[in-house]
Amino acid sequence: MEENRLGIVGIIVEDIEASAALNAILHQYADIIVGRLGIPYRDRGVSIISLAVDGSNEAISAMTGKIGQLEHVSVKSVITKM
């Protein structure tokens, strides 16, 4: 059985039209999301989302992979070994 990992996922949404698809993915993985912080950065016309996650490496990778396929959305993650 794979051990759960803690991590941070950073997301930048460059087009508000991508929000519905992004929220659908985040809803699908709600069980691994511990916390979410969203910041609308109006000066740059983007939204910044930070997620604290606790889940298997496979689940976190699957979520970030789906997010990374969205147009006008960038995602990066940092996962601990604990």
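Leaving aside neighbours within four places in sequence, which residues is Ile 67 in contact with? Keep that question in mind while you look around; the tour comes back to it.

**Start with the whole chain**

What you have open is a predicted model. Show it as a cartoon and trace it from the beginning: the pattern along the sequence is β-α-β-β-α-β, which comes to two helices and four strands. The radius of gyration is 13 Å, close to the 12 Å that the globule rule gives for 82 residues, so the protein is as compact as a globular protein of that length. If you draw a box along the principal axes, the C-alpha atoms fill roughly 45 × 20 × 15 Å. Now colour by burial: of the 82 residues, 32% count as buried. Contacts also reach across the sequence, since among those with a separation of 6 or more, 68% join residues 24 or more positions apart.

**Select the core**

In soluble globular proteins, nonpolar side chains tend to be buried together. Here the largest nonpolar core has 20 residues, and the ones touching the most other members are Ile 11, Leu 22, Leu 26, Leu 51, Met 63 and Ile 67. Show their side chains as sticks. At least two core residues come from each of β1 (4-13), α1 (19-28), β3, α2 (57-68) and β4 (73-79). The element that gives the most to this core is α2, with four residues.

Now select Ile 67 to settle the opening question. Beyond its neighbours within four places in sequence, Ile 67 is in contact with Ile 11, Leu 22, Ile 25, Leu 26, Val 73 and Val 75.

**Turn to the two helices**

Two packed helices are described by the angle between their axes and the distance between the axes. Select α1 and α2: their axes come within 10 Å and cross at roughly 170 degrees. An angle over 145 degrees counts as roughly antiparallel, which means that α1 is roughly antiparallel to α2.

Which residues meet between them? Show Leu 22, Ile 25, Leu 26 and Gln 28 on the α1 side, and Met 63, Lys 66 and Ile 67 on the α2 side. Sorted by class, this contact has five nonpolar, one polar and one charged residues.

While you are in α1, click on Asn 23, which lies in this helix. Asn 23 has a relative accessible area of 34% and is therefore partly exposed. Measure from Asn 23 to Val 9 and you should find 14 Å between their C-alpha atoms, with their positions 14 residues apart in sequence.

**Compare two strand residues**

Next, go to Val 53 in strand β3 (residues 46-56). Is Val 53 buried or exposed? Its relative accessibility is 2%, so Val 53 counts as buried. Display what surrounds it: not counting residues up to four places away in sequence, Val 53 touches Arg 5, Leu 6, Gly 7, Ile 8, Val 9, Ile 32, Ile 33, Val 34, Ile 60 and Met 63. For a sense of scale, Val 53 and Thr 64 are 11 residues apart in sequence and 11 Å apart in space, C-alpha to C-alpha.

Then move to Tyr 41, in strand β2 (residues 33-41). With a relative accessible area of 37%, Tyr 41 is partly exposed. Setting aside neighbours within four places in sequence, its contacts are Val 46, Ser 47 and Ile 48. From Tyr 41 to Ile 67, C-alpha to C-alpha, the separation is 20 Å, and the two are 26 residues apart along the chain.

**Finish in two loops**

Select Ala 18, in the loop between β1 and α1. Although this is a loop residue, Ala 18 counts as buried, at 10% relative accessibility. Outside its neighbours within four places in sequence, Ala 18 is in contact with Val 13, Glu 71 and Val 73. Ala 18 and Ala 52 are 34 residues apart in sequence, and their C-alpha atoms are 21 Å apart.

The last stop is His 72, in the loop between α2 and β4. Its relative accessibility is 43%, so His 72 counts as partly exposed. Most residues other than glycine have a negative phi. His 72, which is not a glycine, has a positive phi of about 65 degrees.

Terms used: Residues are numbered from 1 along each chain as its sequence is written. This is a predicted model: local features need pLDDT of at least 70, side-chain atom pairs count only at pLDDT 80 or more; totals for chains, interfaces and linings use all residues. Side-chain values use heavy atoms; hydrogens and water are left out. Buried means under 20% relative accessible area, exposed over 50%, partly exposed in between (1.4 Å probe, protein chains only). Contact means heavy atoms within 4.5 Å. A nonpolar core is a set of buried Ala, Val, Leu, Ile, Met, Phe, Trp, Tyr and Cys residues joined through side-chain atoms within 4.5 Å. Axes are lines fitted to C-alpha atoms, for helices over the stretch in contact, and angles run from 0 to 180 degrees between N-to-C directions. Angles under 35 degrees count as roughly parallel, over 145 as roughly antiparallel, 65 to 115 as roughly perpendicular and the rest as oblique. Ala, Val, Leu, Ile, Met, Phe, Trp, Tyr, Cys and Pro count as nonpolar, Asp, Glu, Lys and Arg as charged, and the others, Gly among them, as polar. The radius of gyration is taken over C-alpha atoms; the globule rule is 2.2 Å times the number of residues to the power 0.38.
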